[in-house]
Every structure is written in C-alpha cells, then in structure tokens.
Amino acid sequence: IQHETPKRDFVGPAPTEFRWSPIQGADRYAIGLWNETDRLMWRKDDITTPQVAMPKELYLDYGTYFWSVSALQNDREIAKSGMAAFVIEE
C-alpha cells in the first residue's frame with residue numbers, strides 16, 4: 001500500500017484527507033494515526049474506499065505524526081502500508 005496523501009515525509013498544513021493506493025481483493029481498509037510519542041490519536045475501520053476524510057473533531061497541533069493503513073479481505077489483513085510520517089507546520 002502506497003501513501004498518496006499526505007505523502008511520506010510531507011511538511012505543511014494538516015491534511016484534510018488520507019489517500020492510499022487501492023489493493024485488489026480488499027473489501028475494506030483500516031487506518032491508524034499516531035503522534036510522535038506513539039499515542040494512537042485516531043483509528044477508523046470499515047473504510048470501503050482507499051481514502052477517508054480527516055475527522056473535523058480531531059485537532060492536530062504542530063508536530064510529527066505517523067499513519068498506517070491495512071487492507072482487509074473477509075476480516076483478514078492482506079496488505080499493510082507500514083508507517084509514514086508527516087509534519088504539520090504553519
């Protein structure tokens with residue numbers, strides 16, 4: 001799975017959405033977002049497309065964050081993106 005938005009090592013404003021490359025055979029995806037101290041900030045399961053909007057209630061301050069996506073088929077992980085970092089700056 002390739003991180004498309006935000007790309008690995010992106011530096012700039014907070015993303016409004018997350019996008020990744022689709023995986024053939026996946027019937028859903030799961031995403032996780034962690035801060036620089038490895039605290040899970042947000043997780044969403046049951047995503048049916050290779051993109052999801054950043055929840056409006058989630059405020060991310062300036063700093064470094066990491067995100068990862070898993071592709072699932074019949075509740076079994078068939079692909080994983082690994083962690084990608086992005087930095088929120090002014």
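**Exercise 1. Which residues is Leu 33 in contact with, leaving aside its neighbours within four places in sequence?**

Keep in mind that you're looking at a predicted model.

Step 1. Select Leu 33 and skip the neighbours within four places in sequence.

Step 2. List what is left: Leu 33 is in contact with Phe 18, Arg 39, Leu 40, Met 41, Trp 42, Leu 58, Leu 60, Tyr 65, Phe 66, Trp 67 and Phe 86.

Step 3. Now look at the nonpolar core. The largest one has 20 residues, and Leu 33 is among those with the most contacts inside it, along with Phe 18, Trp 20, Ile 31, Leu 60, Trp 67 and Phe 86.

Step 4. Ask where the core comes from. Two or more residues each are given by β3 (17-20), β4 (28-35), β5 (40-47), β7 (63-73) and β9 (84-88). The largest share, four residues, belongs to β7.

**Exercise 2. Work out how β4 is covered and which strands it is joined to.**

Step 1. Check the strand residue by residue. Eight of the eight residues of β4 are buried, so the rest of the structure largely encloses this strand.

Step 2. Split the strand into its faces. Side chains in a regular strand alternate between the two faces of the sheet. In β4, one side carries Arg 28, Ala 30, Gly 32 and Trp 34, while Tyr 29, Ile 31, Leu 33 and Asn 35 sit on the other. Both faces are covered, as all of these residues are buried.

Step 3. Find the partners. β4 runs antiparallel to β7, with eight bridges joining them; here Gly 32 stands opposite Ser 68. β4 also runs antiparallel to β5, this time with five bridges, and Leu 33 has Trp 42 as its bridge partner there.

Step 4. Look at the link. β4 and β5 make a hairpin with four residues between them, and Asp 38 in that turn has a positive phi of about 65°.

**Exercise 3. Track down backbone features in two loops: what is notable at Pro 6, Asn 74 and Asp 75?**

Step 1. Start with Pro 6, found in the loop between β1 (3-5) and β2 (10-12). The peptide bond leading from Thr 5 to Pro 6 is cis, with omega near -10°.

Step 2. Move on to the loop between β7 and β8 (76-80), where you'll find Asn 74. Its phi is positive, near 50°, though the residue is not a glycine.

Step 3. Asp 75 lies in the loop between β7 and β8 too, and this non-glycine residue has a positive phi of about 65°.

Step 4. Decide whether they're buried or exposed, using the cut-off of over 50% for exposed. Asn 74 has 66% relative accessibility, so it counts as exposed. Asp 75 has a relative accessible area of 63%, so Asp 75 is exposed.

How values were computed: Residues numbered from 1 in each chain as written. Predicted model: local features only at pLDDT ≥ 70, side-chain atom pairs only at ≥ 80, totals over all residues. Heavy atoms only, no water. Core = buried A, V, L, I, M, F, W, Y, C linked by side-chain atoms within 4.5 Å. Buried < 20%, exposed > 50% of the residue type's maximum accessible area, 1.4 Å probe, protein only. Contact = heavy atoms within 4.5 Å. Pairing = 2+ DSSP bridges.
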